[in-house]
Amino acid sequence: MRAGRLWIQLRDAMNVDKAYKPLFTALFDQIKRLNPGYAPLRAYGSIIISSPTAQAFYHSDVSETVFLHVRGDKRFRVYPPHAPWVSEESLEAILHKDQTEDIPFDPAWDADAAVFDLEPGDFLSWPLHAPHRVENTGGLSVSITCEVVTRESMMKNAVLHANGVLRRFGITPKSADAQGVGAYAKFALSKSWRLAVRLFGAKRPNPKSETTFDVDLAAETGFRDRATV
Ligand SMILES: [Fe+2]
């Protein structure tokens, strides 16, 4: 782990494991107490353990994130949450599971990024959909990342998801506004589409969900690519 290039995400460890769940509940109780009006609908917490040279490439997450850093040093770059840094079409494709969270990146955009050097004990959050990339800058890294669904993120994602449905029918959406009557109509369209896909859609795997490597601690990187046929 220390010598290789591994990045391990223990999904839902914080909200499922009985040792961590009380900490996770207490954390969100405290955030809610300190921020009256903050009312997350759901929250999931992962533990991320990564090698000193690992990095997370440029991507955009569909949920709100609260990132708590525990061990090692990390450099976070956060970019503006709209085009050209992330297009609505990319977000729609992620929500429709046509692609992963990885989106096109131009190194020139680093000039537009907010840079945060995290040390153990720091935490970071950013606007919904703001693309980011992360490099480990010192030692083995341990963090907790909380994916949070709020009413606002649910509405915004429903509108973008519905816009993706409209685009499938050749209609170019005029707005991604998550307020007003139009947004509620799109919320309904998004729900109906999800139901229709569940009932009648062809089963398909998530993008890039195939296993392309095996963990091999004897290898220099800590893993070995599977042979491609
Ligand atoms: Fe992320």
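Donors are N, O and S atoms within 2.8 Å of the metal. With that in hand, here are four views of this predicted model.

**View 1. The iron ion and its protein donors.** Three residues of the protein supply donors to the iron ion: H59 through NE2, D61 through OD and H132 through NE2. These donors lie 2.1 to 2.2 Å from the iron ion. Along the sequence, the donor residues follow the spacing H-x1-D-x70-H. Since H59 belongs to strand 3 and H132 to strand 7 (residues 132-149), this pair ties together parts of the chain that are 73 residues apart in sequence. Are H59 and H132 buried or exposed? Both H59 and H132 are buried.

**View 2. S51, a residue in a loop.** Look for S51 in the loop that runs between strand 2 (42-50) and strand 3 (55-59). S51 counts as buried because its relative accessibility is 0%, and the cut-off for buried is under 20%. Which residues does S51 touch, once its neighbours within four places in sequence are set aside? The contacts of S51 are then M1, G4, R5, L6, N136 and L140.

**View 3. The second largest pocket.** Here you can look into a pocket that holds about 510 Å³ of space. Its lining is made of 15 residues, and those closest to the pocket centre are H96, K97, V197, R198 and R204. Two elements, helix 4 (151-168) and helix 5 (180-200), each give two or more residues to this lining. Which element gives the largest share of the lining? That is helix 5, with four residues. Sorted by class, the lining of the second largest pocket holds six charged, five nonpolar and four polar residues.

**View 4. Stepping back to the chain.** To place the close-ups, it helps to see the whole chain, which has five helices and nine strands. From start to end, these elements come in the order β-α-α-β-β-β-α-β-β-β-α-α-β-β. The C-alpha atoms fill a box of roughly 55 × 55 × 40 Å along the principal axes. The radius of gyration of the chain is 19 Å, which agrees with the value near 17 Å for a compact globule of 229 residues. Of these 229 residues, 37% count as buried. Among contacts between residues at least 6 apart in sequence, 83% join residues at least 24 apart.

Notes
Residues numbered from 1 in each chain as written. Predicted model: local features only at pLDDT ≥ 70, side-chain atom pairs only at ≥ 80, totals over all residues. Heavy atoms only, no water. Buried < 20%, exposed > 50% of the residue type's maximum accessible area, 1.4 Å probe, protein only. Contact = heavy atoms within 4.5 Å. 1 Å grid on protein atoms, 1.4 Å probe; cavity = no way out; pocket = protein on both sides within 12 Å on 5 of 7 lines; lining within 4 Å. Points joined across faces, edges and corners; volume = space filled by probe spheres on them. Nonpolar A, V, L, I, M, F, W, Y, C, P; charged D, E, K, R; others polar. Donors = N, O, S within 2.8 Å, 3.2 Å for Na, K, Ca; no water. Rg over C-alpha atoms; globule rule 2.2 N^0.38 Å.
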